[in-house]
Protein chains: 2
Amino acid sequence: MKINEFKLILERKNCDFAVFYNSDSAIYSPNMFYFSGYRGLGALIIPKRKQPLVIAPDMELERAGKCLVKKLYRMEKKKFFESVYELAKKNHLKTKRIAIDKSSFTLNSYTHFKKQFKKVKTKDISFECLKLREIKTQDEIRILKKSCSYADKILQKAIGNFSSFKTESEAAAFLEYETKKLGLELSFNPIVASGSNGSMPHYEPSNKKIKNGFCVLDFGIKYKGYCSDITRTIYSGKPSQKEKEIYNLLLKTQKNTINQIKNNKKCSELYNFAITNLGKYKDRFLHGLGHGVGVEIHEMPNLALSSKDKIKNSMIFTIEPGVYFPKKFGIRIEDTILFKNKPIALTKTSKDLLIV
Amino acid sequence: MKINEFKLILERKNCDFAVFYNSDSAIYSPNMFYFSGYRGLGALIIPKRKQPLVIAPDMELERAGKCLVKKLYRMEKKKFFESVYELAKKNHLKTKRIAIDKSSFTLNSYTHFKKQFKKVKTKDISFECLKLREIKTQDEIRILKKSCSYADKILQKAIGNFSSFKTESEAAAFLEYETKKLGLELSFNPIVASGSNGSMPHYEPSNKKIKNGFCVLDFGIKYKGYCSDITRTIYSGKPSQKEKEIYNLLLKTQKNTINQIKNNKKCSELYNFAITNLGKYKDRFLHGLGHGVGVEIHEMPNLALSSKDKIKNSMIFTIEPGVYFPKKFGIRIEDTILFKNKPIALTKTSKDLLIV
């Protein structure tokens with residue numbers, strides 16, 4: 001996506017080309033996927049004024065052949081960046097100033113890179129990539145809507161079957177199975193956190209019995225590489241009056257916060273609004289209000305108190321307040337929202353407290 | 001694991017402490033998990049002569065409380081490495097020379113790190129960590145055996161049900177469901193590659209119909225954070241004489257290569273042995289012969305032609321020759337092997353050509 005916009009950035013920054021890579025194991029480059037649709041081993045070069053190039057090892061060539069970049073090369077050299085260097089030479093690219101993504105470039109890779117590109121100056125373009133990715137194209141919006149609609153469908157199926165699950169793991173396994181069966185991927189490992197486990201926002205499901213009380217279901221899929229994210233909290237058994245009150249306060253907070261979203265709104269203001277709405281429970285809110293979603297599950301904008309980001313048209317992000325009572329329970333309600341003149345929830349599963 | 005051995009390395013390298021981290025998204029530190037059992041957001045400090053410390057944000061504190069490290073701190077500061085710096089101060093640690101893992105430390109994190117630890121010298125200990133992790137402890141061997149035995153059981157169940165799967169995605173989903181239902185994790189996304197898709201070693205299953213012919217099933221789980229890895233290639237329909245010949249040649253190559261494993265054997269020699277055994281098909285072998293497995297799915301030793309590694313007692317690694325015929329088919333046979341005076345296959349599923 002947005003290759004032409006990216007080339008203008010390279011022009012402005014006076015870089016000869018940008019290089020992104022996925023080397024043996026280590027780190028996955030979301031930007032390589034964003035610009036090329038390729039996420040196997042290898043590297044992507046985007047020259048300032050030429051067509052992009054992908055280079056991949058033998059074992060990945062057939063798979064790389066299916067990506068958006070049409071100029072595909074085989075890694076001939078044993079050393080990763082030696083091949084990348086040869087590729088730049090072969091294509092007569094200048095190597096005076098190269099743009100790299102310093103948020104996914106490791107110190108060790110950089111040492112190897114500099115052994116080949118000896119006199120090069122590097123320029124970090126991680127922030128520019130995040131800013132490009134923050135505003136979605138029409139194509140991306142279409143894909144993300146579909147991603148959210150799949151997430152809704154699968155989550156609803158899991159909720160419908162919830163009473164048949166004995167363990168948290170079984171519920172998580174069901175969510176995954178339904179995802180994979182449709183040829184989709186998870187955008188993160190589903191969280192199924194019942195009873196007191198719900199007070200850990202990043203809890204990992206265990207094969208212990210589902211406890212009575214609140215159960216947090218946090219789930220998202222990837223469709224064509226694009227993430228969705230939704231959380232619903234349901235209840236097994238009979239909630240107390242106080243539990244119902246807390247749930248409804250959180251739900252009101254989430255809905256009211258969504259209604260506050262407008263063009264140029266500061267994300268920190270949205271956070272503050274949510275906190276204020278939580279009243280005496282505001283100290284039980286332990287994380288950010290939300291995050292952008294796209295090729296990564298967490299991207300810009302960042303909806304935290306310390307954030308300087310503002311809401312703009314064609315951003316897609318979550319709104320997910322939660323309250324956590326250690327050793328007791330947790331509740332979180334989350335939607336993925338598109339802002340297009342007004343906030344539009346892309347995840348549509350009912351948010352009324354469901355008792356199973 | 002091996003905290004005391006690691007402290008000796010810090011002593012030898014004259015480092016005051018080592019720091020590992022998982023920051024907001026980006027990169028996961030396998031070494032942080034290896035030493036602490038914690039893999040959430042935060043940082044791990046291992047001082048040369050004191051107990052290790054974990055620092056985590058509010059939302060992760062309860063989860064971090066369950067890890068091996070008993071000294072747990074809350075991230076008070078907004079900036080990640082500011083909190084880490086405060087923690088070091090609070091514990092009266094010298095900050096002259098700090099060990100870091102440069103294979104999972106990004107350039108951007110390093111910039112933030114250096115803003116806090118201004119005059120510090122850093123020393124890369126990525127290689128030392130890999131070397132520590134390469135030789136498994138008795139506890140790790142026990143866990144890895146169990147991990148392989150789960151992988152066997154689940155793979156066999158999938159093979160038993162294979163004729164009921166319509167699509168590759170359905171088979172992959174089944175493997176995942178059975179994994180998650182047991183409260184286990186995948187060590188990587190399962191590969192189910194039928195017919196001509198099998199010629200792509202890292203193929204991603206699609207929701208297209210399973211084709212007749214060979215189907216590669218490459219699968220592994222994580223038990224207590226430790227990976228297993230197994231590949232079997234089965235056949236739908238009736239294989240031709242030539243297909244059977246190629247399968248049996250590959251199988252003989254895999255078995256004979258395993259029999260060549262002994263103490264101090266060079267990994268490159270094992271690779272060469274396999275290649276020689278493949279005879280006229282040697283050019284159809286597109287990847288390394290194998291890799292260590294542990295807290296990561298790919299670790300040391302590296303069984304490639306260019307490798308300098310040698311087999312030692314208590315190493316656990318895969319042997320996985322394969323042959324790939326673009327647009328036709330692929331075959332791969334892989335076991336996870338423990339070397340303990342002799343090679344012991346930890347994955348035990350039958351390797352005779354199974355026709356379904």
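The dialogue below walks through a predicted model, from its confidence scores to its domains, sheet, strands and chain contact.

Student: Before I look at any detail, what pLDDT does chain A average, and what ipTM does the predictor give the complex?

Tutor: The general caution is that where pLDDT is low, the predicted coordinates should not be read in detail. In this predicted model, chain A averages a pLDDT of 94, and 99% of the residues score at least 70. For the complex, the predictor gives an ipTM of 0.83 together with a pTM of 0.86.

Student: How is chain A divided into domains, and where do the bounds fall?

Tutor: The domain assignment places residues 3-133 of chain A in domain 1 and residues 135-345 in domain 2. The C-alpha centres of these two domains of chain A are 34 Å apart, and six residues of domain 1 are in contact with six residues of domain 2. On the domain 1 side of that contact, α2 (30-36) and α6 (126-134) of chain A each supply at least two residues, and this side divides into four nonpolar, no polar and two charged residues.

Student: What is the strand order in the open sheet of chain A, and which strands stand at the edges?

Tutor: The six strands of this open sheet follow the order β4-β3-β2-β1-β5-β6 in chain A, and their pairing is mixed. At the edges stand β4 (71-74) and β6 (121-124) of chain A, each with a single partner strand, so one side of each is left without a neighbour in the sheet. Neighbouring strands of the sheet are turned against each other by 25° on average, direction ignored. As one pairing to trace, β3 (residues 53-56) and β4 of chain A run in the parallel sense over four bridges, with A:L53 opposite A:K71 of β4(A).

Student: Which helices lie across these strands, and at what angles do they run?

Tutor: Among them is α1 (residues 3-12) of chain A, which lies across β1 (17-22), β2 (42-47) and β5 (97-100) of chain A and runs at about 70° to β2(A). Another is α4 (residues 80-90) of chain A, lying across β1, β2, β3 and β4 of that chain at about 145° to β3(A).

Student: How should I read the two faces of a strand, taking β8 of chain B as the case?

Tutor: In a regular strand the side chains alternate between the two faces of the sheet. In β8 (residues 191-194) of chain B both faces are covered, since B:I191 and B:A193 on one side and B:V192 and B:S194 on the other are all buried. This strand, β8(B), pairs in the antiparallel sense with β9 (residues 213-219) of chain B over four bridges, and B:V192 has B:L217 in β9(B) as its bridge partner.

Student: Is a loop residue such as A:F285 buried or exposed?

Tutor: A:F285, in the loop between α10 (267-278) and β13 (291-292) of chain A, is buried because 21 other C-beta atoms lie within 10 Å, where 20 or more are required. Leaving aside neighbours within four places in sequence, A:F285 is in contact with A:I275, A:L278, A:P321, A:G322 and A:V323.

Student: Finally, how many residues does each chain bring to the contact between chain A and chain B?

Tutor: Chain A and chain B each bring 43 residues to the contact. On the chain A side, α3 (61-64), α5 (107-116) and α8 (168-181) each supply at least two residues, and the largest share, eight residues, comes from α8(A). That side of chain A divides into 15 nonpolar, 16 polar and twelve charged residues.

Key: Residues are numbered from 1 along each chain as its sequence is written. Chains are lettered from A and ligands numbered from 1 in the order in which they are written. This is a predicted model: local features need pLDDT of at least 70, side-chain atom pairs count only at pLDDT 80 or more; totals for chains, interfaces and linings use all residues. Two residues are in contact if their C-beta atoms, placed from the backbone, lie within 7 Å. Ala, Val, Leu, Ile, Met, Phe, Trp, Tyr, Cys and Pro count as nonpolar, Asp, Glu, Lys and Arg as charged, and the others, Gly among them, as polar. A residue is buried if 20 or more other C-beta atoms lie within 10 Å of its own, exposed if 12 or fewer, and partly exposed in between; C-beta atoms are placed from the backbone. Two strands pair if DSSP finds at least two bridges between them. Axes are lines fitted to C-alpha atoms, for helices over the stretch in contact, and angles run from 0 to 180 degrees between N-to-C directions. pLDDT is the predictor's confidence in each residue, from 0 to 100. Domain bounds come from an automatic or database domain assignment.
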